[in-house]
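Here is a quick tour for anyone meeting this structure for the first time. Have a look at the model, then read on for its sheet, its helices and its pockets.

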Amino acid sequence: MNITPVVCEQLGRILDARVVAVSQPGPSFCIVRNLRPFSATILDKNSTEIRECLYSFQQTNISGQTLNLGWIAVLENEVTPLMNMLSAQNITVTQSRDFSLFTSPRVILVYYQVIENPFVTAVKLRRIMNTLGTVFPPRVPPTPAFERLCSTFAQIVRATDVINVTSGFCETIAVRRIPTTIDGQLATTSLVLPRRFLFESLGSDGRALCQGTVVLLRSEVLTFLNAIRRQGGLIDVSINGRYFTQPDLNYFTYIACENPIVFAQKTSRALRSIGL
């Protein structure tokens, strides 16, 4: 089933979520996003990103069905109910993990995947999220200065496939070109193959909460981890799997509270260690 911009908008409306990305030609996919209705901090800075739920729908070679995957952010007491609800809807939970040790309150990300009609999955997820609750605040345009800062940040980390910028929030995404399958279907969405870098909560001192996530082959993990640690000031918070992929992919996430341009420069140097 082809995922057109119109289909993506329809899926977003079902989920009460905003479209983040639409990619065509195929395999076409789209990503939509909403937020959980709780407050959270990372390194004592307010974070929108830690509260987000992302839903991805990608074209497959199976008529009327798509590869549907994503993650849902939950508080500690919501993990078991969410897993039970996903299982009851025949949606596979592939991973659950703490975002990091530096969040308050404790926030856990639950990852899922399923191949079926995207509208069926969206309706199932909407029922679940009606129980848990989601919000999406109005999109507030950034100031020109913040928009320029976000653009410079994206250029330095060379992640300009998608740039999402709102007031106080800058996210840049590129897709790694690693041939990958999930349940026999080619996976090309940025949720599976991300180079994702963002910053938010920019203070008057020029420091922001910065985050990077890079998908790695197993052979690249140690090289990239050492390169990140050589930069200084970056905190590696997790190396984990997310989905049942072939080959086995690892997702490395790191954070810092510092000037976003400095963070981007450090990231750029580390990326060179794995040829990016």
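Seven bridges tie S2 to strand S5 (residues 52–59), and the two run antiparallel. In this predicted model, one pairing to look for involves Arg33, whose bridge partner in S5 is Leu54. Keep Arg33 in mind, since this residue comes up again with the pockets.

Strands of a sheet pair through backbone hydrogen bonds, and they can do so parallel or antiparallel. Here, S2 and S5 belong to an open sheet of six strands in the order S1-S2-S5-S6-S9-S7, with antiparallel pairing. Which strands sit at the edges? Those are S1 and strand S7 (92–98), each of which pairs on one side only. Going from one strand to the next, the twist averages 15°.

Two helices lie across strands of this sheet. Helix H1 (residues 5–15) crosses S1, S2 and S5, and runs at about 25° to S2. Helix H3 (residues 118–132) lies across S2, S5, strand S6 (66–75) and strand S9 (107–116), at about 5° to S6.

Now for the empty space. Rolling a probe the size of a water molecule over the atoms shows where such space is left. The two pockets look like this:

| Pocket | Volume | Nonpolar lining | Polar lining | Charged lining |
|---|---|---|---|---|
| Largest | about 490 Å³ | 11 residues | nine residues | six residues |
| Second largest | about 290 Å³ | 14 residues | five residues | three residues |

Which residues lie nearest the centre of the largest pocket? Arg33 is back, together with Thr48, Phe136, Thr166 and Phe169, out of 26 lining residues. The elements that give two or more residues to this lining are strand S1 (18–23), strand S2 (29–35), strand S10 (162–166) and strand S11 (169–175).

As for the second largest pocket, with its volume of about 290 Å³, 22 residues line it, and the closest to its centre are Ser23, Phe29, Val175, Arg177 and Thr188. Here the elements giving two or more residues are S1, S2 and S11. Which element gives the largest share of this lining? That is S1, with three residues.

So much for the parts; here is how they link up. S1 is an edge strand of the sheet, has helix H1 lying across it, and gives two or more residues to the lining of the largest pocket and of the second largest pocket. S2 pairs with S5, and both H1 and H3 lie across it.

How values were computed
Residues numbered from 1 in each chain as written. Predicted model: local features only at pLDDT ≥ 70, side-chain atom pairs only at ≥ 80, totals over all residues. Heavy atoms only, no water. 1 Å grid on protein atoms, 1.4 Å probe; cavity = no way out; pocket = protein on both sides within 12 Å on 5 of 7 lines; lining within 4 Å. Points joined across faces, edges and corners; volume = space filled by probe spheres on them. Helix = DSSP H or I, 4+ residues; strand = E, 2+ residues; numbered from the N terminus. Nonpolar A, V, L, I, M, F, W, Y, C, P; charged D, E, K, R; others polar. Pairing = 2+ DSSP bridges. Axes fitted to C-alpha atoms, helices over the stretch in contact; angles between N-to-C directions. Contact = heavy atoms within 4.5 Å.
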